[in-house]
2 protein chains.
Amino acid sequence: MPLAMSSSVKHAVIVAVGTELLTPHKIDTNSLFLTERLNNIGVEVIQKLVSTDEPEALARALEYAIANSELVLVTGGLGPTDDDRTRDVTADILRLPLVPDASLLGLIEERFASRGLAMPKANRRQAEVPRGAVVIDNPRGTAPGLLLTDDKSKTKIILLPGPPRELKPMFESVIMRGLIGDAGGAHVYRRVVRTTGQTESHVDELAQPLYRVWSTRVPTISTTVLASLGQIDLHLTLVGADRVVSNAALDVAVDELKVKLGSLIYSADGETLPEVVGALLVGNNLTVGVAESCTGGLIASRLTDVPGSSAYFQGGLTTYSNDTKVSVLGIEEELLRQHGAVSEPVAKAMATKTRLLLDSDYALGVTGIAGPGGGAPDKPVGTVCLALAGPDEFLKVRRLSLPGERERVKFQASQNALDLLRRALIRPARP
Amino acid sequence: MPLAMSSSVKHAVIVAVGTELLTPHKIDTNSLFLTERLNNIGVEVIQKLVSTDEPEALARALEYAIANSELVLVTGGLGPTDDDRTRDVTADILRLPLVPDASLLGLIEERFASRGLAMPKANRRQAEVPRGAVVIDNPRGTAPGLLLTDDKSKTKIILLPGPPRELKPMFESVIMRGLIGDAGGAHVYRRVVRTTGQTESHVDELAQPLYRVWSTRVPTISTTVLASLGQIDLHLTLVGADRVVSNAALDVAVDELKVKLGSLIYSADGETLPEVVGALLVGNNLTVGVAESCTGGLIASRLTDVPGSSAYFQGGLTTYSNDTKVSVLGIEEELLRQHGAVSEPVAKAMATKTRLLLDSDYALGVTGIAGPGGGAPDKPVGTVCLALAGPDEFLKVRRLSLPGERERVKFQASQNALDLLRRALIRPARP
């Protein structure tokens, strides 16, 4: 098959194109996804470049990349505007003429027509293809991907669009079609074990003894700890030739981690916390509602990010002001006066009233001070009170002190609230 | 002064060294800080590279960087361990011998002594300096920075340690000491003009005539178009010596854009859409409430991401099920039966009822099909109905067909809803 590359591709260079990627505010993250997928088929990334879209600089970057690797992935600069130069600069340095591709033009026109629009003239450029290039369809945009070969060095060059949602499915299809090769059967296998509720050093301390065991075992498993907001993930990686053996070794390792970390782990297969909570609710045929103050709708929004959440998400009430806590939820003014809006009794009342109002099995109540204003000596910014009401007079309350600025407090509060619900669902209260 | 560089430095290349920066989980962020500081003194970053610490690959990357710029910043690989090769590889390609620096050795020994430790042998390497290099002290670590010059190209090379807390103060001192020069007082000035409601090609077509004018004007303004979900940003950049002149030139350009793009522009100073809406509400002493179905709380959450939003955000009702549309909002069941939950009449009713229920000046009602399930031939996934109710029987309704999967539909629906509110606030309805 003329399209398939030799399976000997071992090294790649990634070139990200875009003047905005050289400003203080924007960074190339596509290369992380590409690296992961390349690693999976045994290809290592040996260098990365970021170039402006200025043609001369871009040409130098591409020439350097082509001279230094068997495979070059170029992302960005395939759009319809004047500063999108990747296609012509690449054609130019490979000395290939650009020729219009009629079927591609038809596809692009169709995309616009399906949205009731005429194709702007500028988009014609996207249907021009360097002679001999393999076109990679873009189901999510107008810029097609292109696979080219440098005649001299035999280096393969793959041009991909910059927007991640277009790039990702296109690169998956590049891999599926075997355009890069399969690295002699060796793959990188991975598991992502996700935890919440503890610090990085605590999780690391608990898991540490296992790292040593795994590093001496055959096949060897290496571990990376990745901390993000309200979450510590452990990435387990193994390079192996046999799929069954590799997966079995990782499954054993995950089981060993589960013994060490217990219910700190909420997922071992990449599921998000709202997905895990959703699956537990569906599995138990239960519903949930939320009343939010400081999280401002974030918990409801995260729960409804999950397809099918209408099966268990009853509704959410963002009672941001004291007025709405009284008028919408029916919280007694006396309670607010006595304890303040950010207090355990108010969180409890929010959860209990919401459960009745929305007729759900469980309900969360969240009230707190996200900042930067509103803090007080006894209730500083980051103070959050959570309550979960459930069947059979089930009621749990938590008071938290969360670090960071507004959006971080909001996110961590939502993470804690969802985890409170998760823990209730894995250990249902018996009367 | 022999240390000061010529003030003509205009362009820099940044090289980040470290094999871990070529994995799927770690990214070079030092370059963002360095870019910001360089821009402030009028130096533009024209390319970035990430290299492994493998000596041959690193040498090629450094040679390429030196050939392509007057200034090369290299970060990482200055530590004491075997895989820290930046110092010797750089000395090697510049053909400079490494000589022990006695005073540096003293400093490093002192650092260990102050912590009651003897200096490990490995750290001796850190006191070896390519002949003629300027040493930059590292108050927070043992690896000193180094300033070198390539005799042939006259390119300056600055080696900095990888850990951000060591790199940052060292680079500040590089700038303070004038080692890069002050570019004759030239700085990079920027404006970010944000628009919503139109496609990239449409915005580009409208702005196109201005790009040409700006590129020939003195001072020259260059433009980059950045498309993200529900948003097209124009970045205007100018390198100038005089702050007042530069800002005035950018202000003129922004005004010219405003004439071309009109109310498509929602911000010219980097504010987000929820911030702009918030400022308009505060400025007019008005409040808003929201009733959300398909956006699931996202609009409320975005509005409350803004500090001080409690001044104008009355509350949000996420009525996800038909039941809660009836029980919480008081929508008539007959209306839902007749038109379906995703319809203009239901969106209108949601907005109108919410405005009364939450006692707000304006209220948004949003209902739609976020997918992947729930679509029908006459109402496919992505169908969203928006309504905005306001004072004096003000009522606007929109029906949208939004592309993409669930989270994208949610975000775009929230963007359209906030923009509907923004447009009402900039052009208040008069009875």
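**Exercise 1. Strand S9 of chain B and its partners**

Determine which way strand S9 of chain B and strand S12 of chain B run relative to each other, and how many bridges join them.

*Solution.* Step one is to find the pair in this predicted model: S9(B) and strand S12, residues 265-267 of chain B, are joined by two bridges and run antiparallel. Step two is to pick out a residue pair, and here B:Arg194 has B:Ser267 as its bridge partner in S12(B). Step three turns to another partner, since S9, which covers residues 187-195 of chain B, is also joined by nine bridges to strand S11, residues 231-240 of chain B, and these two strands run antiparallel. Within that pairing, B:Leu236 in S11(B) is the residue that stands opposite B:Arg191.

**Exercise 2. A residue in a loop**

Decide whether B:Ala186 is buried, partly exposed or exposed.

*Solution.* Begin with the location, which is the loop between H5 and S9 of chain B. Next, count the surroundings: 18 other C-beta atoms lie within 10 Å of B:Ala186. A buried residue needs 20 or more and an exposed one has 12 or fewer, so B:Ala186, with its 18, is partly exposed. Finally, look for contacts beyond the neighbours within four places in sequence, and you find B:Gly42, B:Val239, B:Gly240 and B:Ala241. The C-alpha atom of B:Ala186 is also separated by 9.9 Å from that of B:Leu238, although the two residues are 52 residues apart along the chain.

**Exercise 3. Two helices of chain B**

Work out whether H1(B) is roughly parallel or roughly antiparallel to H5(B).

*Solution.* First take the geometry: helix H1, residues 30-40 of chain B, packs against helix H5, residues 164-176 of chain B, at an angle of about 15 degrees, and their axes are 11 Å apart. Because angles under 35 degrees count as roughly parallel, H1(B) is roughly parallel to H5(B). The crossing of H1(B) past H5(B) is right-handed. Then list the residues that meet, which are B:Asn30, B:Phe33, B:Leu34 and B:Arg37 on the H1(B) side, and B:Pro164, B:Leu167, B:Lys168, B:Phe171 and B:Ile175 on the H5(B) side. Sorted by character, the residues of this contact are six nonpolar, one polar and two charged.

**Exercise 4. Where the two chains touch**

Find which element gives the most residues to the side of chain A that touches chain B.

*Solution.* Start with the whole contact, in which 59 residues of chain A meet 56 residues of chain B. Several elements of chain A each supply at least two residues to this side, including helix H1, helix H2 and helix H13, but S2(A) gives the most, with seven residues. By character, this side of chain A divides into 24 nonpolar, 27 polar and eight charged residues. As a last step, consider S2(A) as a strand: five bridges join S2(A) to strand S2 of chain B, residues 44-51, in an antiparallel pairing, where A:Val50 has B:Lys48 as its bridge partner.

**Exercise 5. A sheet with strands from both chains**

Identify which strands stand at the edges of the open sheet of ten strands.

*Solution.* Write down the order, S17(A)-S16(A)-S15(A)-S13(A)-S14(A)-S14(B)-S13(B)-S15(B)-S16(B)-S17(B), in which the pairing is mixed. S17 of chain A and S17 of chain B stand at the edges, each with a single partner strand, so one side of each has no neighbour in the sheet. On average, neighbouring strands of this sheet are turned by 10 degrees against each other, direction ignored. To examine one edge, note that seven bridges join S16(A), residues 383-389, to S17(A), and that these strands run antiparallel; in S17(A), A:Leu400 is the bridge partner of A:Val384.

Key. Residues numbered from 1 in each chain as written. Chains lettered and ligands numbered in written order. Predicted model: local features only at pLDDT ≥ 70, side-chain atom pairs only at ≥ 80, totals over all residues. Pairing = 2+ DSSP bridges. Helix = DSSP H or I, 4+ residues; strand = E, 2+ residues; numbered from the N terminus. Axes fitted to C-alpha atoms, helices over the stretch in contact; angles between N-to-C directions. Parallel < 35°, antiparallel > 145°, perpendicular 65-115°, else oblique. Left-handed = near helix turned anticlockwise from the far one by under 90°. Contact = placed C-beta atoms within 7 Å. Nonpolar A, V, L, I, M, F, W, Y, C, P; charged D, E, K, R; others polar.
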